[in-house]
Protein chains: 2
Amino acid sequence: MIGRLNHVAIAVPDLAAAAAQYRDTLGAMVRDPQDEPDHGVTVVFIELPNTKIELLYPLGENSPIAGFLEKNPAGGIHHICYEVEDILAARDRLKASGARVLGSGEPKIGAHGKPVLFLHPKDFNGCLVELEQV
Amino acid sequence: MIGRLNHVAIAVPDLAAAAAQYRDTLGAMVRDPQDEPDHGVTVVFIELPNTKIELLYPLGENSPIAGFLEKNPAGGIHHICYEVEDILAARDRLKASGARVLGSGEPKIGAHGKPVLFLHPKDFNGCLVELEQV
């Protein structure tokens, strides 16, 4: 069911410093910051040869990562995203297994313009898992 | 400098249950468990089309992930691993930037039989970063 690892998302306390570190020290291809007001984050994409790292920084009130950074002031890995071909079929299979889908259970349009769902970390070894239909 | 994301390592409290979930519920290709006594872990590799997930479970006394699971009883993402071509050149560049390399600073042979180093999470946005020479 799951396909590629689409990205690893890292919440960071200083977006400019983190982007500079990935570009200058780690020598990666780092994109310009993008504000995603619908998702309450500013994102910097880091393009690795086989997947992406997404650096996340809070944007606006009620950012979904503000609480995470309060608990983890140095930052940390926020979620991992697996690709699926059919997000509704994936959701139904997961729910049938007893896994909890966050929110209403209906896919939302994610930061890449594609349908996404988030799964409850307590059902996935403490990892917040995003599914993205590709 | 960094190349592919080699793997994401997830520490899990129940290796058989986590492997079964990735195989049966998430439909991924899950390998048999491997004991890595030199590293104090039993590992289950999950082969995604573009990278790997490594499920980690403590093996023996003084496992490096026992403390992590005590702090995170549900499990959690333990580290991410980036590939580099020359681990000594990478280490020297990182140290020159002020980043801390864990342990003696000399590469060890990792779970894949290749030289690895770990970088201090406080210097990398709260993420434990492994570098593996490929």
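Copies are superposed by least squares on the C-alpha atoms of residues with pLDDT of at least 70 in both. I keep this in mind for the first entry, since the model is a predicted one.

**Symmetry.** I looked up how the two chains are related. A rotation of 180° brings chain A onto chain B, with 0.0 Å of shift along the axis and an RMSD of 0.0 Å. That is the relation of a two-fold axis. I then checked whether the two copies offer the same surface or different ones to each other. The same surface serves both, as 97% of the contact residues of chain A recur in chain B. Which residue of chain A comes closest to the rotation axis? I find A:N50, with its C-alpha at 2.9 Å.

**Interface.** I looked up the contacts between the chains. On the chain A side 38 residues take part, and they meet 37 residues of chain B. The two chains bury about 3200 Å² between them, and carbon and sulfur atoms account for 62% of that area. In chain A, the residues that lose the most area to chain B are A:L26, A:N50 and A:N125. Together these three make up 21% of what that side buries. I note A:N50 again here, having met this residue at the axis.

**Core.** I asked which residues touch the most other members of the largest nonpolar core. That core has 64 residues, and the answer is A:I10, A:Y82, B:I10 and B:Y82. I followed B:Y82 further, leaving aside residues up to four places away in sequence. In chain A, B:Y82 touches A:I10, A:Y22, A:L48 and A:I53. In chain B, the residues touched by B:Y82 include B:I2, B:L5, B:V129 and B:L131. B:R4, B:N6, B:E130 and B:E132 are also touched by B:Y82.

**Cysteines.** I searched the whole structure for disulfides and found zero over all chains. A:C81 is in no disulfide, and the nearest cysteine sulfur, that of A:C127, is 13 Å away. A:C81 is buried, at 0% relative accessible area. Why is there no bond at A:C127? The closest cysteine sulfur to that of A:C127 is in B:C127, 13 Å away, which is too far for a bond; the cut-off is 2.5 Å between the sulfur atoms. A:C127 also counts as buried, at 1% relative accessibility.

**Record.** I looked up chain A in UniProt. An unreviewed entry there lists residues 4-134 of chain A as "domain: VOC". In the model, this span is 21% helix and 36% strand. I also noted its ends: the end C-alpha atoms of residues 4-134 lie 10 Å apart.

Definitions and conventions:
Residues are numbered from 1 along each chain as its sequence is written. Chains are lettered from A and ligands numbered from 1 in the order in which they are written. This is a predicted model: local features need pLDDT of at least 70, side-chain atom pairs count only at pLDDT 80 or more; totals for chains, interfaces and linings use all residues. Side-chain values use heavy atoms; hydrogens and water are left out. Contact means heavy atoms within 4.5 Å. Buried means under 20% relative accessible area, exposed over 50%, partly exposed in between (1.4 Å probe, protein chains only). UniProt positions are given in the numbering used here, feature names are shortened, and annotations may be inferred rather than shown by experiment. Helices (H or I, at least four residues) and strands (E, at least two) are DSSP runs, numbered from the N terminus. A nonpolar core is a set of buried Ala, Val, Leu, Ile, Met, Phe, Trp, Tyr and Cys residues joined through side-chain atoms within 4.5 Å. Buried area is the accessible area (1.4 Å probe) that two parts lose on being put together, summed over both.
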